[in-house]
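Student: Hi! I've just opened this one and could use a guided tour. Can we begin with what a term means before we count anything?

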Amino acid sequence: MGSFAILRIGDYELFSTKSYVDPVAMSVFSESDRYLIVALSDRESKDASDFRIIRPGDTNPFDPEDVVRVTYRALARVVAERLEAMGISLSEVRAAFERRLQERADEIGAAIDDERPRMAVAQMLREATFLDWSVAFQEFMADNIHPTWPSVAPRELRTEMMRFIEEESEEGVLFGLPGDARWLLRAVTEVCGPDEWLEYDITELVGDWYLVDQPVAQEAIATLRRGARHNAPTIILTEGSTDAVAMESAMRLLAPHLVGYLTFLDFRSANAAGGTGPLINAVRAFAAAGVLNRTLALFDNDTAGRSAVRTLSATRLPDWLRVATLPDLDLGHRYPTLGPAGEAEQDVNGRAASIELYFGRDVLLQDSGELTPVVWQSRDPTVGEWQGELRDKSRLQSRFADKVKRATSNPELLNSLDWTGMRQIIELALFAFSDPDAQKGRSAI
């Protein structure tokens with residue numbers, strides 16, 4: 001027959017799952033909602049006094065063989081507030097349900113030819129509201145039947161809305177509501193009131209599928225968060241708006257298929273400060289907040305950026321949050337520089353490679369035909385290196401913006417322009433969370 005986990009509100013069964021716990025439904029519970037009902041094995045009688053409740057944090061020992069029930073329980077108002085915090089509001093559930101009614105009414109109306117019973121259903125759906133659903137749900141509860149169990153109903157389903165819910169449920173739609181189990185829970189917590197108990201009873205699964213002391217709710221939430229990271233775009237954090245705008249505009253040209261999958265923090269809309277220090281603070285804030293998206297923080301490939309990465313290496317970061325500098329450039333290995341000792345060609349990777357160095361040789365070339373030089377400015381005692389900066393950064397930024405504009409308006413120009421550095425950055429962002437060995441042999445963007 002199998003083992004089932006049963007989700008109830010009060011004494012009414014909402015649904016059951018065979019051999020597993022639905023992580024979406026379990027996500028409204030926490031480990032503080034976990035109850036073990038334990039029999040006192042040294043007594044022969046089985047009245048109410050022969051059992052005790054153990055909750056997380058209790059220090060009282062128990063024998064796993066004495067566990068009678070394992071369940072997660074929370075008040076409806078607690079569950080409703082958690083769902084609101086998840087962004088599943090009552091107003092959203094109500095509006096989505098009523099949109100679904102209109103869609104189904106249109107489908108029925110288009111599929112029938114003056115079939116009066118079905119025409120009546122279509123008309124009912126056009127006039128119905130979430131309140132009608134609430135009344136129908138209360139009827140199911142009063143008769144203690146489920147819309148997927150019409151054969152055991154004590155009497156014929158009394159209203160058109162009940163029959164509609166039955167038909168939708170047969171198609172796998174939970175009580176006729178759009179969305180996943182959380183949408184149903186938000187609706188029923190409203191209908192049943194704040195003081196009703198919501199319970200997910202996993203007793204039958206303990207032993208074969210779960211351990212008696214296994215943190216099932218905690219694991220369910222972790223599973224959903226891992227899934228969310230695979231379904232949500234990767235966020236790229238940069239040192240400032242110039243970096244973000246340049247990377248995003250290049251990606252739209254070079255890898256438009258990644259738009260929406262890699263997304264950049266909008267410094268202008270967020271009014272966020274730029275620079276190495278604010279990016280370090282952002283990394284720490286993202287780590288502390290438990291942001292669901294995979295997140296990559298990209299520092300400039302200069303002395304300050306290397307110092308920042310070294311600083312963050314002492315911080316334990318979650319596996320969904322990575323820190324890196326911009327990649328080394330072949331162009332940067334022998335690059336013209338100006339310093340106290342005069343002109344010299346030096347390796348500026350890791351010392352002065354800001355985003356502008358990745359704009360391409362065609363942007364970096366001056367009217368004289370020489371590359372725009374890096375000017376050494378100060379020595380960073382943390383890493384023992386000089387910090388340099390390209391001269392005329394604002395001019396380089398303007399020239400890159402013009403390059404992007406020209407390539408956008410005339411795609412035939414795209415391959416005649418130098419995008420080497422920007423391609424390397426996009427590849428770094430794309431494979432930042434991949435196994436390094438798995439990247440070998442991949443073609444360039």
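Tutor: Happy to. A salt bridge here is a side-chain nitrogen of Lys or Arg within 4 Å of a carboxyl oxygen of Asp or Glu. Please keep in mind that this is a predicted model.

Student: Okay, so how many salt bridges does that rule give?

Tutor: The count comes to 23 salt bridges.

Student: Can you show me one that links distant parts of the sequence?

Tutor: Look at Arg73 and Glu199, whose side chains meet in a salt bridge at 3.7 Å, N to O. Arg73 sits in strand β5 (residues 67-75) and Glu199 in strand β6 (residues 197-201), so this pair ties together parts that are 126 residues apart in sequence.

Student: Is Glu199 buried or exposed?

Tutor: Glu199 is buried, with a relative accessible area of 10%. Its partner Arg73 has 24% relative accessibility and counts as partly exposed. The cut-off for buried is under 20%.

Student: Got it. What about a salt bridge inside a helix?

Tutor: Try Arg406 and Asp402, where the closest N and O atoms are 3.2 Å apart. Both residues lie in helix α14 (residues 393-409), four residues apart, which is about one turn of the helix. Arg406 is partly exposed at 34% relative accessible area, and Asp402 is partly exposed at 39%.

Student: Which residues do shared salt-bridge partners join into one network?

Tutor: That network consists of Arg8, Arg69, Arg73, Glu199 and Asp201. You have already met Arg73 and Glu199 as a pair.

Student: And what is the N to O distance between Arg182 and Asp180?

Tutor: Their side chains meet in a salt bridge at 2.7 Å, N to O. Arg182 has a relative accessible area of 22%, which makes it partly exposed, and Asp180 is partly exposed too, at 27%.

Student: Let me zoom out. How many helices and strands does the protein chain have?

Tutor: There are 15 helices and 16 strands in the protein chain. The chain has 445 residues, and 44% of them count as buried.

Student: What does the exposed surface add up to?

Tutor: The protein chain exposes about 22800 Å², with carbon and sulfur atoms supplying 49% of that area.

Student: And what share of the contacts comes from residues 24 or more positions apart?

Tutor: Counting contacts with a separation of 6 or more, such residues account for 70% in the protein chain.

Student: Now the sheets. In what order do the four strands of the open sheet come?

Tutor: The order is β8-β7-β9-β11, and the pairing is parallel. β8 (262-264) and β11 (321-325) stand at the edges with a single partner strand each, so one side of each has no neighbour in the sheet. On average, neighbouring strands of this sheet are turned by 25 degrees against each other, direction ignored.

Student: What holds strands together in a sheet, generally?

Tutor: Strands pair through backbone hydrogen bonds, in either a parallel or an antiparallel way.

Student: Over how many bridges do β7 and β8 pair?

Tutor: Strand β7 (residues 234-237) pairs with β8 over three bridges, in the parallel sense. Among the residues involved, Ile236 has Phe264 in β8 as its bridge partner.

Student: Which helices lie across those strands?

Tutor: Helix α9 (residues 241-254) lies across β8 and β9 (295-299), running at about 150 degrees to β8. Helix α11 (residues 276-289) lies across β7, β9 and β11, at about 165 degrees to β9.

Student: Switching again: what can you tell me about helix α5?

Tutor: Helix α5 covers residues 130-143, so to speak 14 residues, and reaches 20 Å from its first C-alpha to its last, close to the 20 Å expected at 1.5 Å a residue. Its buried residues are Phe130, Trp133, Ser134, Ala136, Phe137, Phe140 and Asp143.

Student: What comes right after α5?

Tutor: Asn144 follows, with a positive phi near 55 degrees. Asn144 lies in the loop between α5 and α6 (160-170). Ser19 also has a positive phi, near 70 degrees, in a residue other than glycine, and Ser19 is found in the loop between β2 (12-18) and α1 (23-26).

Student: One last stop: is Arg186 buried or exposed?

Tutor: Arg186 counts as buried, at 6% relative accessibility. Arg186 lies in helix α7 (residues 181-192). Leaving out residues up to four places away in sequence, Arg186 touches Ala80, Leu83, Glu84, Ile88, Ser89, Leu90 and Val93.

Note on methods. Residues numbered from 1 in each chain as written. Predicted model: local features only at pLDDT ≥ 70, side-chain atom pairs only at ≥ 80, totals over all residues. Heavy atoms only, no water. Helix = DSSP H or I, 4+ residues; strand = E, 2+ residues; numbered from the N terminus. Buried < 20%, exposed > 50% of the residue type's maximum accessible area, 1.4 Å probe, protein only. Contact = heavy atoms within 4.5 Å. Areas by Shrake-Rupley, 256 points an atom, 1.4 Å probe, with all protein chains shown as cover. Expected span 1.5 Å × (residues − 1). Pairing = 2+ DSSP bridges. Axes fitted to C-alpha atoms, helices over the stretch in contact; angles between N-to-C directions.
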